[in-house]
Amino acid sequence: MIYETRNARETFTLGECIGREAKPGRIYTLTGDLGVGKTVLTQGVAAGLGITEPVCSPTFTIVQIYEGGRLPFYHFDVYRIGEVEEMEEIGYEDCFYGGGICLIEWAELISDILPKDCIHIRMEKDLTKGFDYRKITIEAPESGQSLQDDDR
Ligand code: ADP
Ligand code: MG
């Protein structure tokens with residue numbers, strides 16, 4: 001499914017829809033260059049889950065947990081991860097398989113431990129369509145494509 005947004009508000013709103021519809025246990029991966037709007041989308045997802053705390057990037061903690069919404073929300077940014085073992089140290093399995101919602105930035109770095117049925121969200125700019133244009137591709141597991149095939 002491809003969505004196109006023309007400003008940050010529209011991206012936030014798309015995130016809100018994702019958050020409202022998210023089922024317990026769902027894991028989303030989020031890919032895209034710096035400044036493309038990953039944090040904006042994530043803030044929308046949190047809002048859609050009913051989380052009112054401010055959401056920012058968890059880069060230095062790997063995972064930030066928000067429990068004030070409809071479901072627990074685990075926001076990962078694994079950019080600085082050295083080895084997959086670090087995920088074990090932070091107890092990622094309790095997040096992945098605990099019935100909450102996970103959203104993982106830079107998920108390709110931990111592809112070895114990602115479950116098969118993640119939903120992949122890819123954000124891209126296209127400057128020919130304007131500075132604030134974003135193409136957001138959401139790939140459900142049913143499409144049969146893996147992260148390795150598509151995001152490398
Ligand atoms: P990332 O987390 O991917 O590094 P951010 O979400 O922090 O990116 O920043 C995205 C920036 O781009 C924000 O300043 C936001 O206002 C701006 N922006 C402009 N157009 C859009 C859009 N269509 N969707 C999301 N953000 C947009
Ligand atoms: Mg960010």
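Let me begin in the middle of the fold, with helix α2, whose buried residues are covered by a set of elements that includes α1 (8–21), β2 (27–31), β4 (73–77), β5 (101–105) and β6 (119–125). Please keep in mind throughout that this is a predicted model.

Which residues of α2 are the buried ones? The helix runs over residues 38–48, and within that stretch Lys38, Leu41, Thr42, Gly44, Val45, Ala46 and Gly48 are buried. For those of you who are new to helices, an α-helix has 3.6 residues a turn, so residues three or four places apart point the same way. Just after α2 comes Gly50, which has a positive phi, near 85°.

Now let me step back to the whole chain. There are five helices and seven strands in the protein chain, and if you follow the sequence from its start, they appear in the pattern β-α-β-α-β-β-α-α-β-β-β-α. The C-alpha trace spans about 45 × 35 × 30 Å along its principal axes. How does the radius of gyration fit with a compact globule? For 152 residues such a globule would have a radius of gyration near 15 Å, and the chain has 14 Å, so the two agree. Among contacts with a separation of 6 or more, 62% join residues that are 24 or more positions apart in the sequence.

Next, the inside and the outside. Of the 152 residues, 47% are buried, while the accessible surface comes to about 8,100 Å², with 50% of that surface belonging to carbon and sulfur atoms. As for charge, the chain has 15 positive and 27 negative charges, and the mean positions of these two groups are 9 Å apart.

In soluble globular proteins, nonpolar side chains tend to be buried together. Here the largest nonpolar core has 22 residues, and those that touch the most other members are Ile18, Tyr28, Leu49, Phe73, Ile101 and Ile121. Two or more residues of this core come from each of α1, β2, α2, β5, β6 and β7 (134–139). Apart from this core lies another one, of 19 residues, which includes Phe76, Met87, Ile113 and Leu114.

It is worth pausing on Leu49, so that you can find it on the screen yourselves. Leaving aside residues up to four places away in sequence, Leu49 touches Gly19, Gly69, Arg70, Leu71, Phe73 and Ile101.

Let me finish with the loops. Between α2 and β3 (63–66) there is a loop that holds Thr52, and the same stretch between α2 and β3 also holds Ile62. Is Thr52 buried or exposed? Its relative accessible area is 77%, which is over the 50% cut-off, and therefore Thr52 counts as exposed. Thr52 and Tyr66 are 14 residues apart in sequence, and their C-alpha atoms are 9.3 Å apart in space. Ile62, by contrast, is buried, because its relative accessible area of 11% falls under the 20% limit.

The backbone of Ile62 also deserves a look. Most residues other than glycine have a negative phi, and most peptide bonds are trans. Ile62 is not a glycine, and yet its phi is positive, about 70°. Where else should you look for a positive phi in a residue that is not a glycine? Trp106 is such a case, with a phi of about 60°, and it sits in the loop between β5 and β6. With a relative accessible area of 30%, Trp106 is partly exposed.

Note on methods: Residues are numbered from 1 along each chain as its sequence is written. Chains are lettered from A and ligands numbered from 1 in the order in which they are written. This is a predicted model: local features need pLDDT of at least 70, side-chain atom pairs count only at pLDDT 80 or more; totals for chains, interfaces and linings use all residues. Side-chain values use heavy atoms; hydrogens and water are left out. Helices (H or I, at least four residues) and strands (E, at least two) are DSSP runs, numbered from the N terminus. The radius of gyration is taken over C-alpha atoms; the globule rule is 2.2 Å times the number of residues to the power 0.38. Buried means under 20% relative accessible area, exposed over 50%, partly exposed in between (1.4 Å probe, protein chains only). Contact means heavy atoms within 4.5 Å. Accessible areas come from the Shrake-Rupley method with a 1.4 Å probe; for residues, only the protein chains shown count as cover. Lys and Arg count as positive and Asp and Glu as negative; His and the chain ends are not counted. The place of a charge is taken as NZ of Lys, CZ of Arg, CG of Asp or CD of Glu. A nonpolar core is a set of buried Ala, Val, Leu, Ile, Met, Phe, Trp, Tyr and Cys residues joined through side-chain atoms within 4.5 Å.
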